[in-house]
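Subject: Structure handover

Hello,

Here is the structure I said I would pass on. Please look through it before reading my notes underneath.

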Amino acid sequence: MNLSTTPVSPWTYPFMISQYPSFPNLWTLEGLGTLFIVKVPPQLEQLNEATYLQLMQTRLDRMIQDSVSETSQIETQQGLATTLSELDPVQHTPILEPDDDLEYWRQQWAETLIRRNWRFQERLRHYGGSFPVTPVTPSYPDYLDWISLHDETTLEAWLAELSL
């Protein structure tokens, strides 16, 4: 197979970062929204685990970006590194270099916390996350609560939930 002609899914992290805020549908584990909730594109009637993890990386990337905007990259790095060292002291910590591209740095953290660290996926399994799942649409009864939860969860709150 020629890799240059293989189509790339539009729902691949980091290619959907700019589109993510406009996705209207949601998915989360009931009662555990702070940690697991993601926005889902309307084209996806079923959400598989691989796409979910990419959406989650996208959500975390955006939370990191928001944290940097509200504080600083150095302060955000310190909070991320502290949480990661508490979760797994031997886990590789993405390093903040003075000449690092901010986008690359955010991607490294999103990949580390969602894919490389055992904690997120272990908690997803522990609380019953199994795929495929069906996202909810804006007509879902708890949709407004869920969208508020998604939009108002800060990086600090998400990291605290991950650490429980």
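The notes below cover aromatic pairs and nonpolar cores.

This is a predicted model, in which local features need pLDDT of at least 70, side-chain atom pairs count only at pLDDT 80 or more, and totals for chains, interfaces and linings use all residues. Residues are numbered from 1 along each chain as its sequence is written, and side-chain values use heavy atoms, with hydrogens and water left out.

There are 8 aromatic pairs in the structure. Rings of Phe, Tyr and Trp (its six-membered ring) pair if their centres lie within 6.5 Å; planes under 30 degrees apart count as stacked, over 60 as edge-to-face and the rest as tilted. The ring centres of Tyr20 and Phe23 are 5.8 Å apart with planes at 70°, so this pair is edge-to-face. Tyr20 and Phe23 are both buried (under 20% relative accessible area, with a 1.4 Å probe and protein chains only).

Tyr52 and Phe120 make a stacked pair, at 6.5 Å centre to centre and 15° between the planes. This pair links distant parts of the chain, as Tyr52 lies in helix α2 (residues 49–70) and Phe120 in helix α5 (residues 118–126), 68 residues apart. Helices are DSSP runs of H or I, at least four residues, numbered from the N terminus. Tyr52 and Phe120 are both buried.

The largest nonpolar core (buried Ala, Val, Leu, Ile, Met, Phe, Trp, Tyr and Cys residues joined through side-chain atoms within 4.5 Å) has 38 residues, and Tyr52 and Phe120 are among those that touch the most other members. Helix α2 gives this core its largest share, 8 residues.

Regards

Key
Buried means under 20% relative accessible area, exposed over 50%, partly exposed in between (1.4 Å probe, protein chains only). Helices (H or I, at least four residues) and strands (E, at least two) are DSSP runs, numbered from the N terminus.
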